[in-house]
Amino acid sequence: MRKHFVPSTLHRQLMSAVAVTTVLATQAWGQDDGKEREQKYALEEVVVTAQKRSESQQSVGVTLSAFSGDVMKELNVDDIADVAANIPNVQVNYGFGPTNFNVRGLGVNEFSSNLDSPIAVHVDESYISKSFTTSLLLFDIGRVEALKGPQGTLFGRNATGGAVNFFTNKPHNEFEASINAGFDTYETLRVEGVYNTPLTDSLSLRLSGFVINQGQGFYENTTRNEDEGKTDKWAVRGQLNWAGENTEVNLSLSYGQDRSDFIPYEGVGVATPESVAAGAPEFCPEYLNGTARGNTANCVRTIDGLNPGDDDPFTSEGDVEHQVNNESFIGQLRIDHDFSIGTFSSISTYQTFERDQREDADGTPGPGIENFYYDKVEVFGQELRLASDNAGVWNYVAGLYYLKDDFRQSEYLRVAGGAVPGLFSSFTQSNEAVAAFLHNNFQLTDSFSLTGGIRWSREEVTIVGGTDAGLGSIDFGDGEDGPETIVATLATHTLLPDGGERTDENVNFKVGFEWEPELEAFDQFLFFGNVSTGFRSGGYNATFVSAQEGFTSLEPETITAYEAGFKTTFLDNRARVNVSGFIYDFSNGIVNVDTPFAVLPVAVNAASIDTKGIEIDGQFLLAPGLELNVAGGWLDSEIVSDITAAGVSLNGFTPVNAPEWTFNGQLRYEFEVSDDWNMIVSTDWSWRDDQFLETVNAPSNLEDAYWIGNARITLTDVTEKYSVSIYGSNITNTTYRTYANDLPSFGWLLNIYGPPRVFGVSAGVRF
């Protein structure tokens, strides 16, 4: 087991937080001047739908974190990746397109776009199948819920390690309109607007949208003498809601475009200059011990014998402009009808996302390797379910689920401008999934209940196509690029043992209990325990494989999870502390490894991954208006199989994005500055222990522990009609990697970094 000690800077910052808390608490108590404040002196109840019905977060026997849309704004969350920073034992791996959640050591670091994540993402209970389709979702959000552990008896599919659920604000029968605009130090304009109006007594309309336009990129390209890495995207959503006496119908349509620059790579050298000049590259010691940087003279890339020349991660060298041209559409029709026995719900979803992306894959100033991505996914999903009213001894959720996922890929890894054979991966993939599920809760006494659920799943995956070697370059139209001439077929579905067709079936279950004894010291106490299993469907690794052996057929992942914990509320609802512990037995986990059969890492099944950990989450109302939220997690996760990568056994290695310790917290103080105006001062921080960014736990892909801190000050009138905020993100200007592609066989290490420090101002008005 890895042993780490929290660095002295952590102790100093925690002590500073305690000191600030004490000062602010003293000020807040001094301003407590009446019964009105006393009546408000309690933590707000958080209502969630983790079990497909509205319940208090403190009454649900599962581990989850929930944030309202307002809290997300105070936490400076404006991208799906920002959600993870506020949840212990949750990371996000992002950089080259896909945004993959990693929960409690379970997640993906896969290059293949056609593989679905074991952490399910839902928007308004509709499953989002591909991780590269999430960049245009986060606006007009009412709340987000992050559930940990297998969720298969209640949610969609592929929720082996957890589910992250986003819920948009729904139309209602009162007029509402608002607009919020912000501008920051990188000339970034952020605008979000909402218009809600009743059309009749029963019909309401809601329109919302956002625009992010960044005028200056985070990166300075020294080859093309221009900045890059700018965000340029927008999306709109329209909703109609009809509410009758027993029936409610909601139609939601959203559309968005992403025309961003895309984040460039830093290409760090791995070989000594002398060995590269001699034509027999040898690794430099600094690469082997993990200290190689862009200005390490002794480490150069084998492709050009150079390195970036400085240690500034926000300097880039690529000769090809990174471009994104993505388009998204989501339509959902939801019908809810109340019967005497419960509520029947029908959720129909259609999603299409077109990914057109180009990147300088080597990050070097000369012709080398460029990637052209074209992926299109069309998804139809249908869920039918009946949920009881949560008023009897037996409460249940029963449902049927269907999904049809059609995926098309045309991706070209071009070498030397097409003068040298490159890799062209072109295939179609179809996934048809059906499932039936039943989730039950039996209230045996006033304080004790049992939970039991079961899910049957059947998935059929068919893939047609493979990878060819090609020369030249040609624009096929509609965003597709590829080679002008095919010179050889390297891998094809026709030579797979299963012929490119696989069917997987699974039955997973959940059993648990909830006990709420009346204890004098607590306002509420819930003790819970669960045993659950999960299933992630099988598939194919098919992208950029240079030999038939790299075209792998992947068995389904399965997991058995054991979890127990307690949730407490005390001090007259002024404090909450929740604790959970878990043990996972994860089989056939899909990991990325280097093989001689592909120039890039290949997804394969690992025999087993064992994980255990503890999480603590606390909320404290220290004084009227002064709230402290803190959370921490400990994680011990390791591969326990003899699987190898590049001849190295991975037995005992740590999965990617699985730091041993994580901490996060928020301090928020709201107070009156006059009879008409209030001020909100908040700061939040997160700390991640060191973690590996590649399955092969080499020093070169070990990311050291780091802090990220944000702050916001908001002035708002008592009616909350007007607001003005100043904010800072990554205020300590911490440098940290979010993604690494360690490619010693290519002769370089590619790094992508999180955003630098940003300061900004925003203003909003509600009508």
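Buried means under 20% relative accessible area, exposed means over 50%, and partly exposed lies in between. Keep these cut-offs at hand. The model in these exercises is predicted.

**Exercise 1. Classify two residues**

Place Y722 and T734 in the structure, then decide how each is classed by accessibility.

*Solution.*
Step 1. Y722 lies in strand β44.
Step 2. Its relative accessibility is 38%, so Y722 counts as partly exposed.
Step 3. T734 sits in the loop between β44 and β45 (737-743).
Step 4. The relative accessibility of T734 is 16%, so T734 counts as buried.
Step 5. Look for a side-chain partner. The side chains of T734 and T732 are joined by a polar contact of 2.9 Å.

**Exercise 2. Trace the nonpolar patch**

Find the nonpolar surface patch that includes Y722, and say which strand gives the largest share.

*Solution.*
Step 1. The patch covers about 870 Å². Among its residues are F183, L189, W677, I713, Y722 and V761.
Step 2. Now turn to the strands. At least two patch residues come from each of β40 (677-688), β43 (706-717) and β44 (722-729).
Step 3. Pick the main contributor. β44 gives the largest share, 3 residues.

**Exercise 3. Work out the disulfide**

Find the disulfide, describe its geometry, and explain what the pair ties together.

*Solution.*
Step 1. Count. The structure has 1 disulfide.
Step 2. Name the partners. C284 is joined to C299, with an S to S distance of 2.0 Å.
Step 3. Check the cut-off. A disulfide needs the two cysteine sulfur atoms within 2.5 Å.
Step 4. Read the twist. The angle about the S-S bond is 110 degrees, and the link of C284 and C299 is right-handed.
Step 5. Locate both ends. C284 is in the loop between α4 (273-277) and α5 (285-288), and C299 is in the loop between α5 and β18, so the pair ties together parts 15 residues apart in sequence.
Step 6. Test for burial. C284 has a relative accessible area of 0%, so C284 is buried. C299 also counts as buried, at 0% relative accessibility.

**Exercise 4. Read a sheet**

Describe the sheet that contains β18, and explain why β14 and β18 each have one side without a neighbour.

*Solution.*
Step 1. Write the order. The sheet is open, with 3 strands in the order β14-β13-β18 and mixed pairing.
Step 2. Find the edges. β14 (226-228) and β18 (315-316) each have a single partner strand, so one side of each lacks a neighbour in the sheet.
Step 3. Examine one pair. Strand β13 (residues 219-221) and β18 run parallel, joined by 2 bridges.
Step 4. Name a bridge. E220 has T315, in β18, as its bridge partner.

Methods
Residues are numbered from 1 along each chain as its sequence is written. This is a predicted model: local features need pLDDT of at least 70, side-chain atom pairs count only at pLDDT 80 or more; totals for chains, interfaces and linings use all residues. Side-chain values use heavy atoms; hydrogens and water are left out. Two strands pair if DSSP finds at least two bridges between them. Helices (H or I, at least four residues) and strands (E, at least two) are DSSP runs, numbered from the N terminus. Buried means under 20% relative accessible area, exposed over 50%, partly exposed in between (1.4 Å probe, protein chains only). Patches are made of residues with over 30% relative accessible area and no salt bridge: like charges are joined within 9 Å, nonpolar side chains (Val, Leu, Ile, Met, Phe, Trp, Tyr) within 5 Å. Accessible areas come from the Shrake-Rupley method with a 1.4 Å probe; for residues, only the protein chains shown count as cover. A salt bridge is a side-chain nitrogen of Lys or Arg within 4 Å of a carboxyl oxygen of Asp or Glu. A polar contact is a pair of N or O atoms within 3.5 Å; within protein, one must be able to donate a hydrogen and the other to accept it, and residues adjacent in sequence count only if both atoms are side-chain atoms.
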